[in-house]
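Here are a few short exercises to try with a protein model open beside you. Have a go at each one before you read the solution.

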Amino acid sequence: KPINETNMRFTHKQIWVITFPILVSLLMEHLINMTDTAFLGRVGEIELGASALAGVYYMAIYMLAFGFSIGAQILIGRRNGEGNYKEIGPIFIQGVLFLLGLAALMFTVSYTYTPSVLRSVIDSEQVYVATNDYMKWRVFGFFFSFVAVMFRAFFVGITTTRILTINSLIMVGTNVILNYLLIFPALGISGAAIGSSVAELVSMTFYILYTWKKVNWRKYALFNLSSFNPKLLSGILNISVWTMIQSFLAMATWF
């Protein structure tokens, strides 16, 4: 129900119930890279080093989408608190459209220029080749992970966060299984990248199916596909752009 002075007091338990799944979902995204590293460490030192470099490279770009979702999440949370539920759907849709466009841009730029970027910063020819092989498949994950962060923003904005934990466990579990099936038989580091991208596809699909079956999406006008709204998108970007820059730089410095 809309927030007012009579229901603004929350216990530590209520706050923890909401925030714990958010913490878990943040950790699980990094666990995708960690599981790749754990499996590839059994393949060889070259693959281990390449997966670590490629994982940070991917995460730096991913953080652009994550930063944008923070701005959308703020607006969704505001509308939810006001009780203006029908205004949440348009924010969600504009966010998804923008992030799909950003994913297409980052996919194209990464597929075209990643070899040059990696060549300029990696001295070892073997590590360069392995890192490039990983990124050739990993960039497909942009389309899935960028959409998934908008679902994350939606569920956090309406304070229904338990589903984040379930989704995170499914995503990491899928990645572990696919790593085992794809890395060791023949594909090596490319198998790790394929497994991670497919795991993000599974995560996105789970969000869509769960929202369609379990969420009162008509209440939020969630799947009412509207046309592109530059004014609404501009409002989201006014809040998001600085978190996008900050999130990107915070991760890029590690690379």
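**Exercise 1.** Work out what share of the accessible surface of the protein belongs to carbon and sulfur atoms.

*Solution.* Keep in mind that this is a predicted model. Start with the total: the accessible surface comes to about 12900 Å². Carbon and sulfur atoms then account for 67% of that area.

**Exercise 2.** Find out how many helices and strands the protein has, and decide how compact it is.

*Solution.* First, go through the secondary structure: there are eight helices and zero strands. Along the sequence, that reads α-α-α-α-α-α-α-α. Next, take the radius of gyration, which is 19 Å, and set it beside the 18 Å that the globule rule gives for 255 residues. The two values are close, so the protein is as compact as a globular protein of that length. For the overall dimensions, the C-alpha trace spans about 60 × 35 × 30 Å along its principal axes.

**Exercise 3.** Is helix H5 largely enclosed or not enclosed by the rest of the structure?

*Solution.* Begin by locating H5: it covers residues 141-157, 17 residues in total. From first C-alpha to last it reaches 24 Å, close to the 24 Å expected at 1.5 Å a residue. Now check burial, where a residue counts as buried under 20% relative accessible area. In H5, 15 of the 17 residues are buried, so the helix is largely enclosed by the rest of the structure. For the whole protein, 48% of the 255 residues count as buried. Finally, look just past the end of H5: Thr159 takes a positive phi of about 60 degrees.

Methods:
Residues are numbered from 1 along each chain as its sequence is written. This is a predicted model: local features need pLDDT of at least 70, side-chain atom pairs count only at pLDDT 80 or more; totals for chains, interfaces and linings use all residues. Side-chain values use heavy atoms; hydrogens and water are left out. Helices (H or I, at least four residues) and strands (E, at least two) are DSSP runs, numbered from the N terminus. The radius of gyration is taken over C-alpha atoms; the globule rule is 2.2 Å times the number of residues to the power 0.38. Buried means under 20% relative accessible area, exposed over 50%, partly exposed in between (1.4 Å probe, protein chains only). Accessible areas come from the Shrake-Rupley method with a 1.4 Å probe; for residues, only the protein chains shown count as cover. The expected span of a helix is 1.5 Å times one less than its number of residues.
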